[in-house]
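Visitor: Could you take me through the salt bridges here, with a close look at how the charged partners sit?

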Amino acid sequence: MSILDAENLYKTYGTQVLFNHISFSISEKERIGLIGVNGTGKSTLLNVLTGLDSVESGTLRHAKSFRMAYLSQSPTFAADQTAIDYIYGGDAPMMQVLRHYEQALADLEANPDNRSKQEKLLEQQQRMDTANAWEAEASAKSILTRLGIHSFDQSTADFSGGQKKRVALARALIQPADLLILDEPTNHLDNETIEWLEQALAEYPGSLLMVTHDRYFLNRVTNRIYELEQGNLYIYDGNYEYFLEKKAEREELAQSDEAKHRNQLRSELAWLRRGAKARSTKQKARVERVHELQAHQGPAQKKAVDIALGSVRLGKKVIETHDLVKNFQGRSLINGLDLLVLPGERLGIIGANGSGKTTLLNLLAGRLDPDSGTIEIGETVKIGYYTQEHQEMDQDLRVIDYIKEGAQVLRTADGQQVTAEQMLERFLFARPRQQTYIRKLSGGERKRLYLLRVLMSEPNVLFLDEPTNDLDTETLTILEDYLLQFIGTIIAVSHDRYFLDRIADRLIAFEGEGQIRPFEGGYSDYMAARKAELAEKNTPAEQPKPAIRQPVKKKKLSYKEQQEWNGIEDRIASLEQRVETLKQEINAAGSNALKAQELYQQQQDAEEELDQAMERWTELSLKIEALEHE
């Protein structure tokens, strides 16, 4: 059943046609990935669907009770807005109940002896009961906790950019909606959180429409792909892998049709040049046909990506650190790191947000000083550094002039020259687009342009800090192809699992508290090894069982001890099961604080009883062993 229909949407931006009378419908439970080169109008389409932008013609239709939730690339927050006000914002009845309950709970925690606040909380608890909101509240708390949000009464003005994106993502997941629209939801998320989000979206009750550069994410979450290309919308009924297969077939067919068209044009031109007299109606029609064929626009030709550039020769010594230490605000980020980076190496850096990955890059680039330890850089090293917060661009510069400020001509690895215009074409800036002012570019196009500017400096060591953020999948493929041909050394910080699997042959993983673990292999190899380690660690050790003993002729325990010994293993097993059951019941209790507290106390009592039973088993076992050796 369709929940939203779009018919003949038409929109332009300057001279560019973003939507050329496109039509589509979104049905219940659909998981749609929207892809296309930066600047083709993906975010604009999302804004049109959410009412933040309009089209020049076309219609949108949906049911009157239709609800939509939206996560933008750069969410905005009102001044002095707390996390709880934002997360539970909106006019949905359930959100209002949750917002008032959380506020009453926070007020009471701040002043626990205030009777009026106690009564207010009781009133809100009753409203939660009436609205059957406890399950929604428990689900919301689980999402917030998983996204690292614990201070609900903290002002969003105090949050970092990454924290704000997480708060906005939490709100989008919590809000009841028929259609959830997500614009780059994986930005600012670490790899483990992205994997959790994949599972959460698989269970999401509504439909999904998302723009993301994360190709593993697209492949695992979507069941339909929308592709925007030159104003047209192409729809593929499958995930990202299916899209790649069918797009290749579509482009091959288009090229085949274009070849037939060119052959037909040559035939018609040959006839025309033989001196055909345009006298008869038939001949006139044929001349007109030639003109039509000449005016025909064929499919855009894909630019080659063989852009192996030359660079300053890299010597044997690249980068070496010894006992490197760096702390920040009393927290250890890097604790005694010894790192040897070799010529031609592809090194990936992974870890949770805030763990110190960017700090390490800044240390190696000389932008920060270590607290202790040494960093040695080879004499021939020429670093190109792509940062998350790219340098300010002159908005009044044209695209071509910005690139030419870096270099007008580059040398390829085989000694040929590539002009700035040619490099821009290979990074998906067509010749007309190269004359565009930077202020008119989309955010993703500016990232792509900045990336090319870094590459134009002909470095032999590349530092890449989250290079995949906000880049479209086609640009990522071009970047990866370039990096695979790059003859220098690459050190890349990234949360993009696909990107790391393609370009990294070694990893260093920030695992917290300054501990950094080297790993030979790609990201998927690392995660498989880590999961195996965690599974082994979490497997409970089997309790030692006493050896089966032959019956003794002489009674060596008292009757009471013998009875206790006969039943103690069953008692231990029963207590272990009791503890596990209580843990599950505590998790299920969610926000029911009174019930959770009661269950927690029962768990403590059961664990204490289990410890006593284990101690008694040890005492009896030792006693039996001693008596047998008398």
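**Salt bridges, pair by pair**

Guide: Happily! Glu405 and Arg453 form a salt bridge, with 3.5 Å between their closest N and O atoms. Glu405 belongs to helix H12 (residues 399-406) and Arg453 to helix H15 (residues 443-456), so this pair ties together parts that are 48 residues apart in sequence. Arg453 is buried, its relative accessible area being 19%, and the cut-off matters for that reading, because buried means under 20%. Please keep in mind that this is a predicted model.

Helix H15 also supplies Glu445, which pairs with Arg433 of helix H14 (residues 431-434). In this salt bridge the closest N and O atoms are 2.9 Å apart. The two partners are 12 residues apart in sequence, so here too the pair ties together parts of the chain. Glu445 counts as buried, at 5% relative accessibility.

Salt bridges can also share partners: Glu192, Glu511, Arg517, Arg530 and Glu533 are joined into one network in that way.

Let us return to the neighbourhood of the sequence we just left. The side chains of Arg431 and Glu425 meet in a salt bridge at 3.4 Å, N to O. What is the accessibility of each partner in this pair? Arg431 is partly exposed, with a relative accessible area of 43%, whereas Glu425 is buried at 16%.

As for the whole model, the count comes to 33 salt bridges. Behind every such pairing is a simple idea: side chains of opposite charge can pair when their charged atoms come close.

Key: Residues are numbered from 1 along each chain as its sequence is written. This is a predicted model: local features need pLDDT of at least 70, side-chain atom pairs count only at pLDDT 80 or more; totals for chains, interfaces and linings use all residues. Side-chain values use heavy atoms; hydrogens and water are left out. A salt bridge is a side-chain nitrogen of Lys or Arg within 4 Å of a carboxyl oxygen of Asp or Glu. Helices (H or I, at least four residues) and strands (E, at least two) are DSSP runs, numbered from the N terminus. Buried means under 20% relative accessible area, exposed over 50%, partly exposed in between (1.4 Å probe, protein chains only).
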